[in-house]
Amino acid sequence: MASSKRSVLQFSSPHSLSGKVHPLVIFNICDCYVRRPDQAERVIGTLLGSVLPDGTVDIRNSYAVPHNESVDQVALDIEYHHNMLLSHQKVNPKEVIVGWYSTGLGVNGGSALIHEFYSREVSNPIHLTVDTGFADGEGSIKAYVSNNLSLGDRQIAAQFQEIPLDLRMVEAERIGFDNLKATAVDKIPSDLEGMEASMTHLLALIEDSYKYVDDVVEGRVVPDIKIGKCISDVVGSLPKIPSSTFDKLVNESLQDHLLMLYLSSITRTQLSLAEKLNTAAQIL
(Lines give C-alpha, C1' and ligand atoms only; values in the text may rest on other atoms or scores of the structure.)
Protein backbone atom coordinates (compact mmCIF):
# COMPACT_ATOMS: atom_id res chain seq x y z
CA MET A 1 0.00 0.00 0.00
CA ALA A 2 1.75 3.14 -1.19
CA SER A 3 1.54 6.49 0.52
CA SER A 4 0.33 9.87 -0.60
CA LYS A 5 0.88 13.44 0.60
CA ARG A 6 -2.69 13.78 1.79
CA SER A 7 -3.80 15.95 4.70
CA VAL A 8 -5.98 14.60 7.46
CA LEU A 9 -8.66 16.78 9.00
CA GLN A 10 -10.26 15.65 12.26
CA PHE A 11 -13.59 17.06 13.44
CA SER A 12 -16.15 16.31 16.13
CA SER A 13 -19.47 16.96 14.47
CA PRO A 14 -22.84 15.20 14.45
CA HIS A 15 -23.32 12.44 11.88
CA SER A 16 -26.27 10.24 11.02
CA LEU A 17 -24.20 7.11 11.62
CA SER A 18 -23.57 5.71 15.11
CA GLY A 19 -21.73 2.71 16.52
CA LYS A 20 -22.06 0.21 19.34
CA VAL A 21 -19.02 -1.75 20.45
CA HIS A 22 -18.99 -4.84 22.67
CA PRO A 23 -16.42 -5.08 25.51
CA LEU A 24 -14.92 -8.24 23.94
CA VAL A 25 -13.62 -6.08 21.09
CA ILE A 26 -11.84 -3.70 23.49
CA PHE A 27 -10.31 -6.58 25.46
CA ASN A 28 -9.15 -8.22 22.21
CA ILE A 29 -7.55 -4.99 20.97
CA CYS A 30 -5.70 -4.47 24.25
CA ASP A 31 -4.50 -8.09 24.20
CA CYS A 32 -3.17 -7.67 20.65
CA TYR A 33 -1.41 -4.47 21.71
CA VAL A 34 0.36 -6.25 24.58
CA ARG A 35 1.48 -9.04 22.20
CA ARG A 36 2.62 -6.68 19.42
CA PRO A 37 6.17 -6.89 17.98
CA ASP A 38 8.75 -4.82 19.83
CA GLN A 39 9.28 -2.43 16.93
CA ALA A 40 5.56 -1.77 16.39
CA GLU A 41 4.22 1.49 17.81
CA ARG A 42 0.57 0.63 17.29
CA VAL A 43 -1.72 -2.24 16.34
CA ILE A 44 -4.33 -2.17 13.60
CA GLY A 45 -6.98 -4.71 12.71
CA THR A 46 -10.38 -5.47 11.22
CA LEU A 47 -13.72 -4.91 12.92
CA LEU A 48 -16.52 -7.43 12.39
CA GLY A 49 -20.21 -7.06 13.09
CA SER A 50 -23.41 -6.05 11.40
CA VAL A 51 -25.61 -3.03 10.68
CA LEU A 52 -28.77 -2.96 12.79
CA PRO A 53 -32.17 -1.96 11.29
CA ASP A 54 -31.92 1.52 12.85
CA GLY A 55 -28.60 2.11 11.08
CA THR A 56 -26.37 1.53 14.13
CA VAL A 57 -23.15 -0.36 13.38
CA ASP A 58 -22.89 -3.20 15.90
CA ILE A 59 -19.19 -4.10 16.40
CA ARG A 60 -18.98 -7.57 17.95
CA ASN A 61 -15.60 -9.03 17.01
CA SER A 62 -12.15 -8.13 15.71
CA TYR A 63 -8.77 -9.50 14.70
CA ALA A 64 -5.36 -7.90 14.27
CA VAL A 65 -3.73 -7.51 10.85
CA PRO A 66 0.09 -7.49 10.56
CA HIS A 67 1.42 -4.30 9.02
CA ASN A 68 4.55 -2.23 8.54
CA GLU A 69 4.32 1.50 8.97
CA SER A 70 6.80 4.31 8.43
CA VAL A 71 6.55 8.07 8.10
CA ASP A 72 5.38 8.01 4.47
CA GLN A 73 4.34 4.41 3.83
CA VAL A 74 1.93 1.77 5.14
CA ALA A 75 1.93 -1.89 4.11
CA LEU A 76 -0.81 -4.34 5.16
CA ASP A 77 -0.69 -8.12 5.00
CA ILE A 78 -3.78 -8.35 2.80
CA GLU A 79 -3.57 -12.12 2.33
CA TYR A 80 -3.57 -12.65 6.11
CA HIS A 81 -6.53 -10.28 6.41
CA HIS A 82 -8.59 -12.24 3.87
CA ASN A 83 -7.67 -15.62 5.40
CA MET A 84 -8.72 -14.47 8.86
CA LEU A 85 -11.98 -13.10 7.46
CA LEU A 86 -12.80 -16.45 5.83
CA SER A 87 -12.01 -18.29 9.08
CA HIS A 88 -14.26 -16.02 11.13
CA GLN A 89 -17.13 -16.25 8.66
CA LYS A 90 -16.99 -20.06 8.78
CA VAL A 91 -17.84 -19.79 12.48
CA ASN A 92 -20.28 -16.89 12.20
CA PRO A 93 -21.28 -16.06 8.62
CA LYS A 94 -23.46 -13.16 9.79
CA GLU A 95 -20.42 -11.16 10.88
CA VAL A 96 -19.08 -8.97 8.08
CA ILE A 97 -16.45 -6.25 7.87
CA VAL A 98 -17.75 -2.99 9.33
CA GLY A 99 -14.46 -1.10 9.65
CA TRP A 100 -11.04 -1.21 11.25
CA TYR A 101 -9.31 -0.21 14.47
CA SER A 102 -6.00 1.22 15.60
CA THR A 103 -4.44 1.85 18.98
CA GLY A 104 -3.47 5.36 19.99
CA LEU A 105 -5.14 8.74 20.04
CA GLY A 106 -6.79 10.29 17.00
CA VAL A 107 -5.89 9.79 13.36
CA ASN A 108 -2.86 10.54 11.19
CA GLY A 109 -1.73 10.34 7.57
CA GLY A 110 -1.27 6.58 7.78
CA SER A 111 -4.83 6.24 9.03
CA ALA A 112 -6.11 7.87 5.84
CA LEU A 113 -4.27 5.30 3.72
CA ILE A 114 -5.54 2.34 5.73
CA HIS A 115 -9.06 3.73 5.68
CA GLU A 116 -8.83 3.97 1.90
CA PHE A 117 -8.08 0.23 1.75
CA TYR A 118 -11.02 -0.68 3.99
CA SER A 119 -13.27 1.58 1.91
CA ARG A 120 -12.68 -0.89 -0.92
CA GLU A 121 -13.64 -3.77 1.39
CA VAL A 122 -16.90 -2.21 2.66
CA SER A 123 -18.79 1.00 2.00
CA ASN A 124 -18.44 3.72 4.65
CA PRO A 125 -16.25 1.80 7.15
CA ILE A 126 -15.90 2.88 10.78
CA HIS A 127 -12.48 3.70 12.21
CA LEU A 128 -12.23 2.84 15.92
CA THR A 129 -9.38 4.26 18.00
CA VAL A 130 -8.48 2.84 21.42
CA ASP A 131 -6.04 4.59 23.76
CA THR A 132 -4.18 1.61 25.21
CA GLY A 133 -2.02 3.95 27.28
CA PHE A 134 -5.00 4.61 29.57
CA ALA A 135 -3.73 8.05 30.50
CA ASP A 136 -4.97 9.19 33.93
CA GLY A 137 -6.67 5.82 34.33
CA GLU A 138 -9.14 6.49 31.51
CA GLY A 139 -9.17 4.80 28.12
CA SER A 140 -10.29 7.05 25.27
CA ILE A 141 -12.39 5.04 22.79
CA LYS A 142 -13.69 6.92 19.75
CA ALA A 143 -15.19 6.12 16.37
CA TYR A 144 -14.82 8.03 13.12
CA VAL A 145 -16.04 7.98 9.55
CA SER A 146 -14.17 9.57 6.66
CA ASN A 147 -15.24 11.88 3.86
CA ASN A 148 -13.00 12.87 0.96
CA LEU A 149 -12.52 16.58 0.34
CA SER A 150 -11.88 17.47 -3.30
CA LEU A 151 -10.95 20.59 -5.24
CA GLY A 152 -12.32 20.06 -8.71
CA ASP A 153 -11.16 16.62 -9.80
CA ARG A 154 -8.31 16.62 -7.31
CA GLN A 155 -8.66 14.95 -3.91
CA ILE A 156 -6.85 17.13 -1.39
CA ALA A 157 -7.69 15.71 2.06
CA ALA A 158 -9.50 13.09 4.08
CA GLN A 159 -11.92 14.49 6.64
CA PHE A 160 -12.52 12.28 9.70
CA GLN A 161 -15.70 13.00 11.65
CA GLU A 162 -16.32 11.57 15.10
CA ILE A 163 -19.61 9.71 15.47
CA PRO A 164 -21.55 8.65 18.61
CA LEU A 165 -20.23 5.42 20.12
CA ASP A 166 -22.05 3.31 22.69
CA LEU A 167 -20.01 1.05 24.98
CA ARG A 168 -22.39 -0.93 27.17
CA MET A 169 -21.24 -3.48 29.72
CA VAL A 170 -22.80 -5.77 32.25
CA GLU A 171 -21.38 -5.44 35.77
CA ALA A 172 -18.89 -8.31 35.38
CA GLU A 173 -17.50 -6.74 32.20
CA ARG A 174 -17.35 -3.34 33.89
CA ILE A 175 -15.22 -4.75 36.73
CA GLY A 176 -12.83 -6.29 34.20
CA PHE A 177 -12.63 -3.06 32.22
CA ASP A 178 -11.93 -1.00 35.35
CA ASN A 179 -9.06 -3.36 36.23
CA LEU A 180 -7.80 -3.11 32.66
CA LYS A 181 -7.63 0.68 32.95
CA ALA A 182 -5.58 0.53 36.13
CA THR A 183 -1.84 0.97 35.57
CA ALA A 184 -1.03 -1.68 38.19
CA VAL A 185 -3.23 -4.41 39.64
CA ASP A 186 -2.06 -6.72 42.40
CA LYS A 187 -4.69 -9.35 41.65
CA ILE A 188 -8.03 -9.86 40.00
CA PRO A 189 -10.77 -9.21 42.58
CA SER A 190 -12.64 -12.20 43.94
CA ASP A 191 -16.38 -12.63 43.47
CA LEU A 192 -17.10 -11.14 46.88
CA GLU A 193 -14.77 -8.18 46.26
CA GLY A 194 -16.41 -7.64 42.89
CA MET A 195 -19.85 -7.73 44.55
CA GLU A 196 -18.69 -5.23 47.15
CA ALA A 197 -17.39 -2.88 44.47
CA SER A 198 -20.67 -3.21 42.58
CA MET A 199 -22.73 -2.42 45.67
CA THR A 200 -20.53 0.59 46.45
CA HIS A 201 -20.98 1.87 42.91
CA LEU A 202 -24.74 1.26 43.07
CA LEU A 203 -24.99 3.13 46.37
CA ALA A 204 -23.13 6.10 44.86
CA LEU A 205 -25.55 6.16 41.91
CA ILE A 206 -28.56 6.05 44.26
CA GLU A 207 -27.15 8.93 46.32
CA ASP A 208 -26.62 10.97 43.12
CA SER A 209 -30.23 10.27 42.12
CA TYR A 210 -31.49 11.34 45.56
CA LYS A 211 -29.47 14.55 45.34
CA TYR A 212 -30.78 15.32 41.85
CA VAL A 213 -34.40 14.78 42.89
CA ASP A 214 -33.96 16.97 46.00
CA ASP A 215 -32.32 19.72 43.91
CA VAL A 216 -35.21 19.64 41.43
CA VAL A 217 -37.82 19.76 44.22
CA GLU A 218 -36.03 22.69 45.91
CA GLY A 219 -35.69 24.50 42.59
CA ARG A 220 -31.90 24.48 42.53
CA VAL A 221 -31.76 22.51 39.27
CA VAL A 222 -33.84 22.82 36.12
CA PRO A 223 -35.79 19.54 35.70
CA ASP A 224 -34.95 17.31 32.75
CA ILE A 225 -37.86 15.28 31.36
CA LYS A 226 -35.62 12.48 30.08
CA ILE A 227 -33.85 12.04 33.42
CA GLY A 228 -37.16 12.14 35.28
CA LYS A 229 -38.65 9.48 33.02
CA CYS A 230 -35.58 7.30 33.46
CA ILE A 231 -35.78 7.56 37.27
CA SER A 232 -39.52 6.84 37.14
CA ASP A 233 -38.95 3.71 35.03
CA VAL A 234 -36.26 2.44 37.40
CA VAL A 235 -38.41 3.02 40.50
CA GLY A 236 -41.41 1.42 38.77
CA SER A 237 -39.40 -1.70 37.93
CA LEU A 238 -38.51 -2.37 41.58
CA PRO A 239 -40.48 -5.23 43.18
CA LYS A 240 -42.92 -4.12 45.85
CA ILE A 241 -41.91 -6.43 48.70
CA PRO A 242 -41.29 -5.78 52.41
CA SER A 243 -37.71 -4.95 53.38
CA SER A 244 -37.54 -8.00 55.63
CA THR A 245 -38.44 -10.29 52.72
CA PHE A 246 -35.87 -8.57 50.52
CA ASP A 247 -33.15 -9.00 53.18
CA LYS A 248 -34.03 -12.69 53.44
CA LEU A 249 -33.73 -13.17 49.68
CA VAL A 250 -30.35 -11.42 49.59
CA ASN A 251 -28.99 -13.40 52.52
CA GLU A 252 -30.14 -16.73 51.04
CA SER A 253 -28.59 -15.84 47.71
CA LEU A 254 -25.34 -14.84 49.43
CA GLN A 255 -25.26 -18.11 51.37
CA ASP A 256 -25.79 -20.10 48.17
CA HIS A 257 -22.95 -18.15 46.56
CA LEU A 258 -20.61 -18.84 49.50
CA LEU A 259 -21.52 -22.53 49.39
CA MET A 260 -20.63 -22.70 45.69
CA LEU A 261 -17.28 -21.03 46.41
CA TYR A 262 -16.60 -23.54 49.19
CA LEU A 263 -17.48 -26.54 46.99
CA SER A 264 -15.33 -25.25 44.11
CA SER A 265 -12.41 -24.78 46.53
CA ILE A 266 -12.79 -28.38 47.79
CA THR A 267 -12.93 -29.64 44.18
CA ARG A 268 -9.71 -27.81 43.26
CA THR A 269 -8.00 -29.23 46.36
CA GLN A 270 -9.09 -32.79 45.53
CA LEU A 271 -7.94 -32.47 41.92
CA SER A 272 -4.57 -31.12 43.02
CA LEU A 273 -4.18 -33.95 45.56
CA ALA A 274 -5.16 -36.60 42.99
CA GLU A 275 -2.63 -35.19 40.52
CA LYS A 276 0.17 -35.35 43.09
CA LEU A 277 -0.76 -38.90 44.12
CA ASN A 278 -0.83 -39.95 40.46
CA THR A 279 2.61 -38.42 39.88
CA ALA A 280 4.04 -40.13 42.98
CA ALA A 281 2.57 -43.49 41.90
CA GLN A 282 4.22 -43.21 38.46
CA ILE A 283 7.59 -42.42 40.05
CA LEU A 284 7.39 -45.39 42.40
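Which residue takes a positive phi in the hairpin of S3 and S4? I looked, and Gly55 does, with a phi near 95 degrees. That hairpin has four residues between the strands. A reminder to myself before going on: this is a predicted model.

**Entry: strand S3**

I stayed with S3, residues 44–51. Seven of its eight residues are buried, so the rest of the structure largely encloses this strand. I then checked its neighbours. With S4 (residues 56–64), S3 runs antiparallel, and seven bridges join the two. Gly45 of S3 has Ala64 as its bridge partner in S4. With S7 (residues 96–103), S3 also pairs in the antiparallel sense, over six bridges. There I noted Ile97 of S7 as the bridge partner of Leu48.

**Entry: aromatic rings**

Next I searched the whole structure for aromatic pairs and got two. One is Trp100 with Tyr118, which is stacked: 6.1 Å centre to centre, with 10 degrees between the planes. Trp100 belongs to strand S7 and Tyr118 to helix H3, so this pair ties together parts that are 18 residues apart in sequence. I looked up their exposure too: Trp100 is buried at a relative accessible area of 0%, and Tyr118 counts as buried at 1%. The other pair is Phe117 with Tyr118, which is edge-to-face, at 5.1 Å centre to centre and 80 degrees between the planes. Phe117 is buried as well, like Tyr118. I wrote down Trp100, Phe117 and Tyr118 as one aromatic cluster.

A side note on another ring: the charged end of Arg36 sits over the ring of Tyr33, 3.9 Å from the ring centre.

**Entry: His127**

Is His127 buried or exposed? It is buried, since its relative accessible area is 0%. I found His127 in strand S8, residues 126–130. Leaving out residues up to four places away in sequence, I listed what His127 touches: among them are Trp100, Tyr101, Ser111, His115, Tyr144 and Phe160. I checked the spacing to Phe160: 33 residues apart in sequence, yet 8.9 Å apart in space, C-alpha to C-alpha.

**Entry: Asn124**

Last, I looked at the loop between helix H3 (109–121) and S8, where Asn124 has its place. Most residues other than glycine have a negative phi. Asn124 is not a glycine, but its phi is positive, about 50 degrees. For exposure, I noted Asn124 as partly exposed, with a relative accessible area of 40%. That value falls between the 20% and 50% cut-offs, so "partly exposed" is the right label.

Terms used:
Residues numbered from 1 in each chain as written. Predicted model: local features only at pLDDT ≥ 70, side-chain atom pairs only at ≥ 80, totals over all residues. Heavy atoms only, no water. Buried < 20%, exposed > 50% of the residue type's maximum accessible area, 1.4 Å probe, protein only. Pairing = 2+ DSSP bridges. Contact = heavy atoms within 4.5 Å. Phe/Tyr/Trp six-rings, centres within 6.5 Å; stacked < 30°, edge-to-face > 60°. Lys NZ or Arg CZ within 6 Å of the ring centre and 35° of its normal.
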